[in-house]
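Reader: I am in my first year and would like a close look at a single part of this structure. Please start from one contact and work outwards, in short sentences.

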Amino acid sequence: EWLSVVNSTVYYNTSTGAAISVGPATSSKIRSSTIVGNTATGQLFGGISGVAEIANSIVANNLPTYDCGDPLTSLGHNIEGGTGCGFTATGDQQSTDPMVGLLADNGGPTQTLALLAGSPAIDGGDPAGCNDGGLGVLLVDQRWYAREVDGDGNGSAICDVGAFEYASYDFAPIFEDGFETGDLSEWDSSIP
(Lines give C-alpha, C1' and ligand atoms only; values in the text may rest on other atoms or scores of the structure.)
Protein backbone atom coordinates (compact mmCIF):
# COMPACT_ATOMS: atom_id res chain seq x y z
CA GLU A 1 0.00 0.00 0.00
CA TRP A 2 1.15 3.54 -0.74
CA LEU A 3 0.74 6.54 1.52
CA SER A 4 0.99 9.71 -0.57
CA VAL A 5 1.54 13.13 0.96
CA VAL A 6 1.45 15.81 -1.75
CA ASN A 7 1.25 19.62 -1.45
CA SER A 8 0.68 19.29 2.30
CA THR A 9 1.80 21.08 5.45
CA VAL A 10 2.46 18.90 8.50
CA TYR A 11 2.99 21.28 11.41
CA TYR A 12 2.92 21.27 15.22
CA ASN A 13 1.90 17.65 15.77
CA THR A 14 2.99 15.47 18.70
CA SER A 15 3.66 11.73 18.75
CA THR A 16 4.99 9.19 21.20
CA GLY A 17 7.63 7.07 19.49
CA ALA A 18 8.20 7.72 15.79
CA ALA A 19 5.75 10.13 14.24
CA ILE A 20 5.95 8.56 10.78
CA SER A 21 6.84 4.90 10.46
CA VAL A 22 6.95 2.86 7.25
CA GLY A 23 6.76 -0.91 7.78
CA PRO A 24 7.84 -3.65 5.35
CA ALA A 25 4.48 -3.92 3.55
CA THR A 26 4.03 -0.16 3.30
CA SER A 27 5.49 2.51 1.06
CA SER A 28 5.21 6.28 1.19
CA LYS A 29 5.67 9.08 -1.31
CA ILE A 30 6.13 12.58 0.02
CA ARG A 31 6.14 15.30 -2.64
CA SER A 32 6.20 19.09 -2.41
CA SER A 33 5.30 19.09 1.27
CA THR A 34 6.43 21.07 4.31
CA ILE A 35 7.06 19.08 7.51
CA VAL A 36 8.10 21.58 10.21
CA GLY A 37 7.70 22.10 13.96
CA ASN A 38 6.53 18.61 14.94
CA THR A 39 7.50 16.72 18.11
CA ALA A 40 8.09 13.00 18.54
CA THR A 41 9.46 11.35 21.68
CA GLY A 42 11.50 9.05 19.43
CA GLN A 43 12.18 10.59 16.05
CA LEU A 44 10.05 12.13 13.36
CA PHE A 45 10.70 9.41 10.78
CA GLY A 46 11.58 6.03 12.27
CA GLY A 47 11.07 2.32 11.77
CA ILE A 48 11.65 2.75 8.05
CA SER A 49 11.72 -0.79 6.69
CA GLY A 50 9.47 -0.14 3.70
CA VAL A 51 10.00 2.31 0.86
CA ALA A 52 9.92 5.97 1.88
CA GLU A 53 10.55 8.37 -1.00
CA ILE A 54 10.67 12.13 -0.67
CA ALA A 55 11.16 14.92 -3.22
CA ASN A 56 10.84 18.72 -3.36
CA SER A 57 9.98 18.82 0.35
CA ILE A 58 11.07 20.56 3.54
CA VAL A 59 11.82 18.58 6.72
CA ALA A 60 13.17 20.95 9.39
CA ASN A 61 12.87 22.33 12.92
CA ASN A 62 11.24 19.22 14.33
CA LEU A 63 11.93 17.96 17.88
CA PRO A 64 13.91 16.25 19.27
CA THR A 65 16.88 17.96 17.66
CA TYR A 66 17.02 15.69 14.60
CA ASP A 67 14.43 15.26 11.89
CA CYS A 68 14.93 11.62 10.88
CA GLY A 69 16.03 8.59 12.83
CA ASP A 70 16.16 6.49 9.70
CA PRO A 71 17.17 7.85 6.30
CA LEU A 72 14.54 8.37 3.64
CA THR A 73 15.09 7.76 -0.06
CA SER A 74 15.62 11.24 -1.43
CA LEU A 75 14.65 11.80 -5.04
CA GLY A 76 16.19 15.26 -4.86
CA HIS A 77 15.49 18.92 -4.23
CA ASN A 78 14.71 18.60 -0.50
CA ILE A 79 15.66 20.92 2.36
CA GLU A 80 16.67 19.35 5.65
CA GLY A 81 17.31 21.17 8.92
CA GLY A 82 20.03 18.67 9.89
CA THR A 83 21.69 15.65 8.30
CA GLY A 84 19.78 12.68 9.79
CA CYS A 85 17.43 12.25 6.84
CA GLY A 86 20.29 11.51 4.47
CA PHE A 87 19.26 14.05 1.83
CA THR A 88 22.26 13.95 -0.53
CA ALA A 89 20.59 13.60 -3.94
CA THR A 90 20.66 16.26 -6.67
CA GLY A 91 19.46 19.63 -5.39
CA ASP A 92 19.21 18.55 -1.72
CA GLN A 93 20.24 21.05 0.95
CA GLN A 94 21.31 19.71 4.37
CA SER A 95 21.73 21.71 7.60
CA THR A 96 19.70 24.49 6.03
CA ASP A 97 17.13 26.86 7.56
CA PRO A 98 14.15 26.81 5.15
CA MET A 99 13.06 30.29 6.33
CA VAL A 100 9.32 29.74 6.72
CA GLY A 101 6.82 31.94 8.52
CA LEU A 102 4.19 30.96 11.07
CA LEU A 103 1.12 28.92 10.20
CA ALA A 104 -1.36 31.41 8.78
CA ASP A 105 -4.07 32.06 6.21
CA ASN A 106 -1.92 32.87 3.19
CA GLY A 107 -4.79 32.39 0.75
CA GLY A 108 -6.44 29.20 -0.38
CA PRO A 109 -8.64 26.79 1.58
CA THR A 110 -6.09 25.77 4.27
CA GLN A 111 -3.42 27.45 6.37
CA THR A 112 0.19 27.24 5.22
CA LEU A 113 3.73 28.08 6.27
CA ALA A 114 4.72 30.84 3.84
CA LEU A 115 8.25 30.98 2.50
CA LEU A 116 9.97 34.16 3.65
CA ALA A 117 11.84 36.43 1.23
CA GLY A 118 15.30 34.99 0.66
CA SER A 119 14.30 31.42 1.55
CA PRO A 120 16.53 28.77 -0.07
CA ALA A 121 13.30 26.95 -1.01
CA ILE A 122 12.34 29.67 -3.51
CA ASP A 123 12.91 28.29 -7.04
CA GLY A 124 14.82 25.41 -5.38
CA GLY A 125 12.64 22.59 -6.72
CA ASP A 126 13.24 20.24 -9.62
CA PRO A 127 13.85 22.29 -12.79
CA ALA A 128 11.93 19.61 -14.73
CA GLY A 129 8.87 20.43 -12.60
CA CYS A 130 7.60 19.26 -9.24
CA ASN A 131 5.53 16.08 -9.60
CA ASP A 132 3.00 14.14 -7.56
CA GLY A 133 4.91 10.84 -7.42
CA GLY A 134 2.83 9.41 -10.23
CA LEU A 135 4.83 11.57 -12.67
CA GLY A 136 2.04 14.13 -13.00
CA VAL A 137 3.43 17.68 -12.84
CA LEU A 138 1.99 19.76 -10.00
CA LEU A 139 0.56 22.91 -11.54
CA VAL A 140 -0.59 24.39 -8.20
CA ASP A 141 0.61 24.51 -4.59
CA GLN A 142 -1.36 23.66 -1.43
CA ARG A 143 -3.30 26.93 -1.75
CA TRP A 144 -4.17 26.22 -5.40
CA TYR A 145 -1.84 29.05 -6.48
CA ALA A 146 0.18 28.50 -9.66
CA ARG A 147 3.44 26.54 -9.37
CA GLU A 148 6.65 27.46 -11.17
CA VAL A 149 6.54 31.18 -10.47
CA ASP A 150 9.82 33.11 -10.80
CA GLY A 151 9.99 33.86 -7.09
CA ASP A 152 13.66 34.87 -6.99
CA GLY A 153 13.36 37.25 -9.95
CA ASN A 154 16.17 35.73 -12.02
CA GLY A 155 14.01 35.22 -15.12
CA SER A 156 13.59 31.46 -14.64
CA ALA A 157 10.35 30.06 -13.22
CA ILE A 158 11.10 26.89 -11.21
CA CYS A 159 8.81 25.32 -8.62
CA ASP A 160 9.63 25.96 -4.97
CA VAL A 161 10.53 23.33 -2.39
CA GLY A 162 7.62 22.55 -0.04
CA ALA A 163 3.87 23.07 -0.10
CA PHE A 164 3.97 26.84 -0.69
CA GLU A 165 4.92 28.60 -3.94
CA TYR A 166 6.42 32.02 -3.23
CA ALA A 167 5.73 35.11 -5.29
CA SER A 168 6.59 38.63 -4.20
CA TYR A 169 3.02 39.74 -4.98
CA ASP A 170 1.33 37.04 -2.82
CA PHE A 171 0.78 39.26 0.19
CA ALA A 172 0.12 42.67 -1.28
CA PRO A 173 -1.84 42.48 -4.52
CA ILE A 174 -2.63 45.85 -6.03
CA PHE A 175 -4.99 44.77 -8.79
CA GLU A 176 -8.16 42.75 -8.18
CA ASP A 177 -7.85 40.96 -11.55
CA GLY A 178 -4.44 39.38 -10.93
CA PHE A 179 -2.49 41.81 -13.14
CA GLU A 180 0.64 41.15 -11.04
CA THR A 181 0.90 37.56 -12.27
CA GLY A 182 1.55 38.66 -15.83
CA ASP A 183 -1.10 36.18 -16.98
CA LEU A 184 -3.05 38.14 -19.59
CA SER A 185 -5.87 35.60 -19.49
CA GLU A 186 -6.74 36.90 -16.01
CA TRP A 187 -7.44 40.41 -17.26
CA ASP A 188 -11.10 41.33 -17.07
CA SER A 189 -12.42 44.40 -18.82
CA SER A 190 -15.34 44.54 -16.37
CA ILE A 191 -12.92 45.42 -13.55
CA PRO A 192 -11.28 48.82 -14.01
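Author: This is a predicted model. Start at the ring of Phe164. The charged end of Arg143 sits over that ring, 3.8 Å from its centre. Now look at Tyr145. Its ring also has the charged end of Arg143 over it, and the distance to the ring centre is 3.8 Å. Arg143 therefore sits over the ring of Tyr145 and over the ring of Phe164, given that a charge counts as over a ring when CZ of Arg is within 6 Å of the ring centre and within 35 degrees of the ring normal.

Stay with Arg143. What does its side chain meet in a salt bridge? The partner is Asp141, with 2.9 Å from N to O. Are Asp141 and Arg143 buried or exposed? Both are buried. In general, side chains of opposite charge can pair when their charged atoms come close.

Next comes Arg147. Its side chain meets that of Glu165 in a salt bridge, at 3.2 Å from N to O. Both Arg147 and Glu165 lie in the segment after E14, 18 residues apart in sequence, so their pair ties together separate parts of the chain. Arg147 has a relative accessible area of 6% and is buried. Glu165 has 1% relative accessibility, so it counts as buried, the limit being under 20%.

Ala146 belongs to this picture too. Where does Ala146 lie? It is in the segment after E14. Its relative accessible area is 47%, which makes it partly exposed. Set aside its neighbours within four places in sequence, and Ala146 is in contact with Leu139, Val140 and Glu165. Take Glu165 from that list. Along the sequence, Ala146 and Glu165 are 19 residues apart. In space, their C-alpha atoms are 7.4 Å apart. So Glu165 is in contact with Ala146 and also forms the salt bridge with Arg147.

The disulfide comes next. The structure holds 1 disulfide. Cys130 and Cys159 form it, with their sulfur atoms 1.9 Å apart. The torsion about the S-S bond is about 75°, so this disulfide is right-handed. Cys130 and Cys159 each lie in the segment after strand E14 (112–115), and the pair ties together parts that are 29 residues apart in sequence. Both cysteines are buried.

Go back to E14 itself. Which residues point one way from E14, and which the other way? Thr112 and Ala114 point one way. Leu113 and Leu115 point the other way. All of these are buried. In a regular strand, side chains alternate between the two faces of the sheet. E14 has a partner strand as well. Strand E13 (residues 100–104) pairs with E14 in the antiparallel sense, over 3 bridges. In E14, Leu113 is the bridge partner of Leu103.

His77 offers another way into the same stretch of chain. His77 sits in the loop between strand E11 (73–74) and E12. It is buried, with a relative accessible area of 11%. Leaving aside neighbours within four places in sequence, its contacts include Gly124, Gly125, Asp126, Pro127 and Val161. Asn56, Ser57, Thr90, Gly91 and Asp92 are in contact with His77 as well. His77 and Phe87 are 10 residues apart along the chain, and their C-alpha atoms are separated by 8.7 Å.

E12 leads to a sheet. How many strands does this open sheet have? It has 4, in the order E2-E6-E10-E12, with parallel pairing. Strand E2 (9–11) and strand E12 (79–80) are the edge strands, and each pairs on one side only. E2 pairs with strand E6 (residues 34–36) in the parallel sense over 3 bridges. Thr34 in E6 is the bridge partner of Thr9.

One more charged pair completes the tour. The whole structure has 3 salt bridges. One of them joins Arg31 and Glu53, whose closest N and O atoms are 3.1 Å apart. Arg31 lies in strand E5 (residues 27–31) and Glu53 in strand E9 (residues 51–55), so this pair ties together parts 22 residues apart in sequence. Arg31 is buried, and Glu53 is buried too.

Methods. Residues numbered from 1 in each chain as written. Predicted model: local features only at pLDDT ≥ 70, side-chain atom pairs only at ≥ 80, totals over all residues. Heavy atoms only, no water. Disulfide = S-S within 2.5 Å. Helix = DSSP H or I, 4+ residues; strand = E, 2+ residues; numbered from the N terminus. Buried < 20%, exposed > 50% of the residue type's maximum accessible area, 1.4 Å probe, protein only. Pairing = 2+ DSSP bridges. Contact = heavy atoms within 4.5 Å. Salt bridge = Lys/Arg side-chain N within 4 Å of Asp/Glu carboxyl O.
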